[in-house]
Amino acid sequence: NAQVACTHYASPAGGGNGLSQSSPFQIGNFWGLAQPGKTLCLLDGTYTAASSMITPPPSVTGAAGKPITVQALNEGRVVIKGNKDLRPVDLQGSYIAVRGINAENGNGGAIVMRGSHGTVQRSVAWCNNDCGVVIDIGGSDNLLEDCAAFGGPARKIIAAGARGGNGPNTVRRCWAR
């Protein structure tokens with residue numbers, strides 16, 4: 001899938017209204033505004049605060065053909081860093097798409113998919129600590145595509161079917177080490 005047009009913007013230190021690149025807010029400010037078809041674009045940088053994790057509440061849901069999208073404005077230039085105590089990506093709702101980010105050192109995983117119809121594409125995840133599983137796919141009808149995962153002492157690199165997973169879930173064109 002190609003890059004989707006941005007409706008909101010976030011940055012690591014954002015304090016604006018989120019409506020332009022010159023006035024970004026933090027990722028956490030987006031969830032109250034997120035509606036089907038809305039897209040949050042992340043400006044370059046390293047996101048480390050609790051309000052900078054991609055962790056929408058379970059009540060945040062998109063719709064078929066109109067997912068809620070969070071994507072790097074410049075793929076590969078966004079790092080969501082959990083620092084062992086936060087989870088960089090935790091998708092619990094439905095129809096949420098994440099594209100072009102790097103997720104590092106999460107608590108219980110760097111990328112976790114627990115909802116349904118979620119998509120993570122063109123992203124990289126790793127753990128330098130024992131985060132358990134680097135990418136953990138539960139829920140149902142989720143897609144992990146064109147991704148890479150690696151990590152030091154993690155128990156598993158990619159696990160599908162855990163966290164209440166009742167499938168089917170798809171892992172396509174991913175590299176793990």
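**Exercise 1.** In this predicted model, determine how many bridges join strand β2 to β4, and whether the two run parallel or antiparallel.

*Solution.* Begin with the extents of the strands: β2 covers residues 39-42, and β4 covers residues 68-72. Next, count the links: 4 bridges join β2 to β4, and the two strands run parallel. One position illustrates the pairing: cysteine 41 stands opposite glutamine 71 in β4.

**Exercise 2.** Identify the bridge partner of valine 70 in β7.

*Solution.* Strand β7 spans residues 96-99. Strand β4 is joined to β7 by 4 bridges, again in a parallel arrangement. Within β7, valine 98 is the bridge partner of valine 70.

**Exercise 3.** State which residues point each way from β4, and whether they are buried or exposed.

*Solution.* First, recall that side chains in a regular strand alternate between the two faces of the sheet. In β4, Ile68, Val70 and Ala72 point one way, while Thr69 and Gln71 point the other way. Then apply the cut-off: a residue is buried when its relative accessible area is under 20%. By this criterion 5 of the 5 residues of β4 are buried.

**Exercise 4.** Establish how many helices and strands the chain has, and how its radius of gyration stands against the globule rule.

*Solution.* The chain has 0 helices and 17 strands. Its radius of gyration is 15 Å, close to the 16 Å that the globule rule gives for 177 residues, and the chain is therefore as compact as a globular protein of that length. As for burial, 51% of the 177 residues are buried. Finally, consider contacts between residues at least 6 apart in sequence: 59% of them join residues at least 24 apart.

Conventions: Residues are numbered from 1 along each chain as its sequence is written. This is a predicted model: local features need pLDDT of at least 70, side-chain atom pairs count only at pLDDT 80 or more; totals for chains, interfaces and linings use all residues. Side-chain values use heavy atoms; hydrogens and water are left out. Buried means under 20% relative accessible area, exposed over 50%, partly exposed in between (1.4 Å probe, protein chains only). Two strands pair if DSSP finds at least two bridges between them. The radius of gyration is taken over C-alpha atoms; the globule rule is 2.2 Å times the number of residues to the power 0.38. Contact means heavy atoms within 4.5 Å.
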